[in-house]
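Dear colleague,

I am handing over the structure below, and my notes on what was found in it follow. Please read them with the model open beside you.

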Amino acid sequence: MLTGYYCTNIFSGQAKELIAFYRDALEIPFIKTDVDLANGVYFGFLENTPTLYIWDCKVFNAEPT
């Protein structure tokens, strides 16, 4: 049974460009970063609510999602 929703993780081969799109075109604010401004960026409007995380798939050797 689903009891909550924390985040959506997006692994991208063009993370830097995707981050710029969410920040500049959609004007979704940064919540925080885990790595730097090109990897591990958390977007959202309020802390402790569901957020969007963007990761560089090349850094983590992961497939784009």
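How many bridges join strand β1 to β4, and do the two run parallel or antiparallel? Strand β1 (residues 7-12) and β4 run parallel, and six bridges join them. Please keep in mind throughout that this is a predicted model.

Strand β4 (residues 51-56) is a good place to start, and six of its six residues are buried. Thr51, Tyr53 and Trp55 point one way from the strand, while Leu52, Ile54 and Asp56 point the other way, and all of them are buried. In the pairing with β1, phenylalanine 11 stands opposite tryptophan 55 of β4. Strand β4 also pairs with β3 (residues 39-43), here in the antiparallel sense and over three bridges, and phenylalanine 43 stands opposite leucine 52 of β4.

The aromatic rings come next, with a count of 10 aromatic pairs. One of them is formed by tyrosine 6 and tyrosine 53, an edge-to-face pair with 6.2 Å from centre to centre and 85° between the planes. This pair links distant parts of the chain, since tyrosine 6 lies in the segment before β1 and tyrosine 53 in strand β4, 47 residues apart. The two partners are covered to unlike degrees: tyrosine 6 counts as exposed because its relative accessibility is 57%, over the 50% cut-off, whereas tyrosine 53 is buried, with a relative accessible area of 6%. Tyrosine 53 also pairs with tyrosine 42, and because the ring centres are 3.6 Å apart with the planes at 40°, that pair is tilted. Tyrosine 42 lies in strand β3 and tyrosine 53 in strand β4, so this pair ties together parts that are 11 residues apart in sequence, and both residues are buried. Tyr6, Phe11, Tyr42, Tyr53, Trp55 and Phe60 form one aromatic cluster.

Phe60 appears again at the surface, where Val35, Val59 and Phe60 make a nonpolar patch of about 270 Å². Of these, valine 35 lies in strand β2 (residues 30-36) and counts as partly exposed, at 47% relative accessibility.

Finally, the cysteines: a search of the whole structure finds zero disulfides. Cysteine 7 is in no disulfide, and the nearest cysteine sulfur, that of cysteine 57, is 17 Å away. Why is there no bond from cysteine 57 to cysteine 7? The sulfur of cysteine 57 is 17 Å from that of cysteine 7, its closest cysteine sulfur, and this is too far for a bond. Cysteine 57 itself counts as buried, at 6% relative accessibility.

With best regards

How values were computed:
Residues are numbered from 1 along each chain as its sequence is written. This is a predicted model: local features need pLDDT of at least 70, side-chain atom pairs count only at pLDDT 80 or more; totals for chains, interfaces and linings use all residues. Side-chain values use heavy atoms; hydrogens and water are left out. A disulfide is a pair of cysteine sulfur atoms within 2.5 Å. Buried means under 20% relative accessible area, exposed over 50%, partly exposed in between (1.4 Å probe, protein chains only). Helices (H or I, at least four residues) and strands (E, at least two) are DSSP runs, numbered from the N terminus. Two strands pair if DSSP finds at least two bridges between them. Patches are made of residues with over 30% relative accessible area and no salt bridge: like charges are joined within 9 Å, nonpolar side chains (Val, Leu, Ile, Met, Phe, Trp, Tyr) within 5 Å. Accessible areas come from the Shrake-Rupley method with a 1.4 Å probe; for residues, only the protein chains shown count as cover. A salt bridge is a side-chain nitrogen of Lys or Arg within 4 Å of a carboxyl oxygen of Asp or Glu. Rings of Phe, Tyr and Trp (its six-membered ring) pair if their centres lie within 6.5 Å; planes under 30 degrees apart count as stacked, over 60 as edge-to-face and the rest as tilted.
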